[in-house]
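Here are a few exercises to work through with the model open beside you. Try each task before reading its solution.

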Amino acid sequence: MAAPSKATVVLKTVKKIAVQFSPFESNVRSTREFLAMVGSEKARATNMNCEVITTVKHDKSEPVVDITYVDGEKLLMKGAKLTSREMLSAFQSRCAAKDPQAKAAPKK
């Protein structure tokens, strides 16, 4: 299960990521790929206080990624209808909007 892109995942603005999926369903690939990206050592090193919680279910429920940001805002992604690239894009755009240093960096 390789990540679809070499994008850098920064968890600085994230408090908690909760991932739930049933591993034997056919629609969980994108959710598992997203979990691999945010759960990697490199990503986790960007915020050691960010909790990444995985719940493996066996009830044929749809895959869900629930992200809680430091400011209390939540992002809920239902992975059955999204690709891992779409999930990562939505996640990174929300993180970039919340990070004041990311906004200041492009100005050179």
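**Exercise 1. Take stock of the fold.** Count the helices and strands in this predicted model, then write down their order along the chain.

*Solution.* Start with the count: the protein chain has four helices and four strands. Next, walk from the N terminus, and the elements come out as β-α-α-β-β-β-α-α.

**Exercise 2. Lay out the sheet.** What is the strand order, and which strands stand at the edges?

*Solution.* Begin with the order: the four strands form an open sheet, arranged 2-1-3-4, and the pairing is mixed. Now look at the ends of that order: strand 2 (51-56) and strand 4 (74-78) each have a single partner strand, so one side of each has no neighbour in the sheet. Finally, the twist: from one strand to the next, it averages 10°.

**Exercise 3. Zoom in on one pairing.** In which sense do strand 1 and strand 3 pair, and over how many bridges?

*Solution.* Recall that sheet strands pair through backbone hydrogen bonds, in either a parallel or an antiparallel way. Here, strand 1 (residues 14-21) and strand 3 (residues 64-69) go antiparallel, with six bridges. To check one of these on screen, pick V14 and find Y69, its bridge partner in strand 3.

**Exercise 4. Add a helix.** Which strands does helix 1 lie across?

*Solution.* Find residues 29-38, which make up helix 1. This helix lies across strand 1, strand 2, strand 3 and strand 4, and runs at about 150° to strand 1.

**Exercise 5. Step back to the whole chain.** What percentage of the residues is buried?

*Solution.* Taking buried as under 20% relative accessible area, you get 33% of the 108 residues. As for the surface, the chain exposes about 6700 Å², with carbon and sulfur atoms supplying 53% of that.

Definitions and conventions. Residues numbered from 1 in each chain as written. Predicted model: local features only at pLDDT ≥ 70, side-chain atom pairs only at ≥ 80, totals over all residues. Heavy atoms only, no water. Pairing = 2+ DSSP bridges. Helix = DSSP H or I, 4+ residues; strand = E, 2+ residues; numbered from the N terminus. Axes fitted to C-alpha atoms, helices over the stretch in contact; angles between N-to-C directions. Contact = heavy atoms within 4.5 Å. Buried < 20%, exposed > 50% of the residue type's maximum accessible area, 1.4 Å probe, protein only. Areas by Shrake-Rupley, 256 points an atom, 1.4 Å probe, with all protein chains shown as cover.
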